[in-house]
Amino acid sequence: MTNIDLAVTFDEIADLLEFTEANPFRVRAYRNAARTLRDLPEPVTTILQDANRKLTEIEGIGKDLAEKIKVLVATGDLPMRQELLAQVPASAPTLLRVPGLGPKKAAVLVKELNIKTLDELRAACEAQRVRGLKGFGAKTEQTILVGLASASTAADRMYWAEADEYVTRLLEWLRAEGGGVSQLAPAGSYRRGRETVGDVDLLAVADDGEKLMDRLRAFPGVAEVLGRGDTKMSVRLGVGLQVDLRVVPEESFGAALQYFTGSKDHNVVLRGRAKARGLKINEYGVFRGDEQIAGRIEEEVYATLDLPCFPPELREARREFDWAARPAGLPKLIELADLVGDLHMHTDATDGSATLDEMVEAAKARGLKYIAITDHSKRVSMAGGLDADRLLAQWEAIDRLNARKPGITVLRGIECDILERGGLDLPDDVLREADWVLASLHYGQKQPRDQITRRLVEAIRNPYVSAIAHPTGRIINRRKSYDVDLEAVFREARDHGKLLELNANPARLDLDDVNCAAAKNYGIPIIISTDAHSTAELDKMRYGVLQARRGGLTVDDVANTRSWPKLKKLVGK
């Protein structure tokens with residue numbers, strides 16, 4: 001099992017424990033373990049294979065959890081998980097897919113209304129039977145209805161970051177042995193960098209396609225073969241991800257890669273351009289009559305249509321064709337190496353797992369020139385948020401650290417909460433001493449549109465706020481964005497010289513790609529931040545960069561490609 005497999009299992013166990021009203025500390029232990037495993041920079045299997053190392057050396061993994069990890073790796077399941085599944089109704093895992101419906105409320109629905117399916121839950125909400133339950137109400141009922149709309153889709157799609165782990169392993173596995181593979185590449189929504197992936201397309205040129213498909217069948221984690229033909233094979237992994245392997249001729253590889261990368265809308269435009277030139281374009285190549293004139297590589301496919309080879313992230317039929325027609329051509333999209341600072345991270349002073357010194361050293365090791373330490377403010381009490389005294393003490397520690405000239409600039413920062421009634425939860429006379437202030441909204445996310453918008457606008461107008469963190473509050477597949485007038489937020493950010501964050505956590509990626517493009521149109525600089533809660537999470541920056549590329553962002557559009565003195569001049573008027 002991969003680290004992701006292990007984390008998914010532990011998250012499921014935490015949900016089941018909560019459903020059965022188990023001890024909250026026990027639930028939290030499994031959730032923390034899941035998070036630790038997701039962030040672990042090396043495979044658990046590597047540690048298990050080393051006789052000189054122990055899983056208990058991993059922070060947060062005690063003897064009991066270590067033994068369960070060993071059983072999971074060896075067998076693929078846990079007796080404990082099966083026991084929990086036997087204790088809860090069969091409908092429990094299904095109900096837990098609904099965004100906004102946690103284990104406790106799901107348990108009430110099963111117990112009080114005998115809900116067994118999502119259709120039964122929808123019918124109960126529409127009949128207004130849910131609002132009468134203790135702890136629910138009309139708003140909760142409406143939230144469940146909204147969540148039901150995306151529950152089925154969410155179940156079929158995983159985060160790009162999770163799919164990436166499987167794609168990486170699949171490519172290594174298929175290249176290692178079998179079939180004489182000369183070319184192998186992923187396509188589809190994965191290659192375009194969409195934030196979630198429903199299935200994975202792999203294209204290959206191989207001397208022996210049958211042997212290559214045998215190799216895919218033997219991949220650890222394949223649960224079933226869905227179909228197999230002469231040139232195509234489909235399998236489903238145990239985590240639910242479908243993988244389609246196509247073996248194509250070398251002279252068609254570029255055309256197939258372009259075609260199966262998509263998007264559908266992008267390809268529709270290409271077919272229209274080909275038809276206007278008397279050509280035909282498909283997965284086999286570009287044809288003039290029966291003659292194939294291109295198809296070996298993507299570049300020549302696009303060249304026959306007088307087009308550049310578009311970066312996969314741009315192939316959504318949005319603005320890429322307009323950009324291609326400009327004298328300047330396509331924008332040069334931002335790359336991970338362009339970023340020199342990270343302006344959102346947490347330490348063990350609140351809900352992070354690493355010390356200040358550890359976060360600084362980890363950032364320095366990644367080549368960053370500056371970072372902002374932005375622990376939570378006091379309103380986020382569940383994370384041990386900092387009051388003014390604790391925050392000032394942390395800033396004094398940062399001053400002492402900078403005085404030692406550690407080779408990286410550490411900014412005195414804070415992630416300051418926007419209160420439900422408006423305003424910030426720390427006074428201005430404290431915030432004015434900060435180098436960097438993120439304002440964020442964690443509570444009151446179900447307030448009406450005008451109220452949410454007003455809170456964000458007030459924060460932007462505060463002279464000491466530098467940027468708005470995760471501006472829409474969404475959690476992909478689990479929580480929709482709060483209802484906010486983003487156009488009003490964009491206007492205020494532009495007019496007051498404030499920045500907006502693209503949070504690189506793969507569960508957030510907030511702003512999304514469309515809103516990144518909108519912010520670019522307003523001339524609002526974006527910061528890409530990891531929101532790291534551990535040293536390993538600093539590596540999540542690449543997910544934010546991928547999202548930024550989908551939004552068409554360049555070096556000039558992203559503020560933390562600049563040195564700190566230059567970035568500082570961007571903030572505020």
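The dialogue below works through salt bridges, nonpolar cores and one helix in a predicted model.

Q: How many salt bridges does a search of the whole structure find, and which parts of the chain does the pair Arg404 and Asp357 tie together?

A: The search of the whole structure finds 35 salt bridges. In one of them, Arg404 pairs with Asp357, and the closest N and O atoms are 3.7 Å apart. Arg404 belongs to the loop between helix H18 (388–403) and strand E13 (409–417), whereas Asp357 sits in helix H17 (residues 356–365), so the bridge ties together parts that are 47 residues apart in sequence. As for the surroundings of the two side chains, Arg404 is exposed, with a relative accessible area of 55%, and Asp357 is partly exposed, at 42% relative accessibility.

Q: Where do Asp539 and Arg366 lie, and are they buried or partly exposed?

A: Asp539 forms a salt bridge with Arg366, with 2.8 Å between the closest N and O atoms. Asp539 is in the loop between strand E17 (526–529) and helix H23 (541–550), and Arg366 is in the loop between H17 and strand E12 (370–373), so this pair ties together parts that are 173 residues apart in sequence. Both are partly exposed: Asp539 has a relative accessibility of 40%, and Arg366 has one of 35%.

Q: Which partner does Asp557 have, and is Asp557 buried or exposed?

A: The partner of Asp557 is Lys520, and the closest N and O atoms of this salt bridge are 2.5 Å apart. Asp557, in the loop between H23 and helix H24 (564–570), and Lys520, in helix H22 (residues 513–522), are 37 residues apart, and their pairing links distant parts of the chain. Asp557 is buried, with a relative accessible area of 15%, while Lys520, at 23% relative accessibility, counts as partly exposed.

Q: Which residues are joined into one network by salt bridges that share partners?

A: Arg192, Glu316, Arg318, Asp513 and Arg550 are joined in this way into one network.

Q: How should a nonpolar core be read, and which residues have the most contacts inside the largest one?

A: As a general idea, nonpolar side chains in soluble globular proteins tend to be buried together. Here the largest nonpolar core has 59 residues, and those with the most contacts inside it are Ile371, Leu456, Leu500 and Ile528. Helix H17 gives the most to this core, with five residues. Another core, of 47 residues, lies apart from it and has Tyr30, Leu78, Leu96 and Ala106 among its members. To look more closely at Ile371, leave aside residues up to four places away in sequence; Ile371 then touches Asp342, Met345, Met359, Val360, Ala363, Ile408, Thr409, Val410 and Leu411.

Q: Which residues of helix H12 are buried, and what covers them?

A: In H12 (residues 209–217), the buried residues are Gly209, Leu212, Met213, Arg215 and Leu216. They cover an arc of only 150° around the axis, and therefore lie on the same side of H12. Their cover includes helix H10 (160–176) together with strands E2 (181–186), E4 (199–206), E5 (222–228), E6 (232–237) and E7 (242–247).

Q: What does Arg215 touch, and which contact is found at the start of H12?

A: Arg215, which lies in helix H12, is buried with a relative accessible area of 15%. Not counting residues up to four places away in sequence, Arg215 touches Trp173, Leu174, Ala176 and Glu177. At the start of H12, a side-chain oxygen of Asp208 comes to within 3.2 Å of the backbone nitrogen of Glu210.

Note on methods. Residues are numbered from 1 along each chain as its sequence is written. This is a predicted model: local features need pLDDT of at least 70, side-chain atom pairs count only at pLDDT 80 or more; totals for chains, interfaces and linings use all residues. Side-chain values use heavy atoms; hydrogens and water are left out. A salt bridge is a side-chain nitrogen of Lys or Arg within 4 Å of a carboxyl oxygen of Asp or Glu. Helices (H or I, at least four residues) and strands (E, at least two) are DSSP runs, numbered from the N terminus. Buried means under 20% relative accessible area, exposed over 50%, partly exposed in between (1.4 Å probe, protein chains only). A nonpolar core is a set of buried Ala, Val, Leu, Ile, Met, Phe, Trp, Tyr and Cys residues joined through side-chain atoms within 4.5 Å. Contact means heavy atoms within 4.5 Å. The arc is that of the directions from the helix axis to the C-beta atoms. A polar contact is a pair of N or O atoms within 3.5 Å; within protein, one must be able to donate a hydrogen and the other to accept it, and residues adjacent in sequence count only if both atoms are side-chain atoms.
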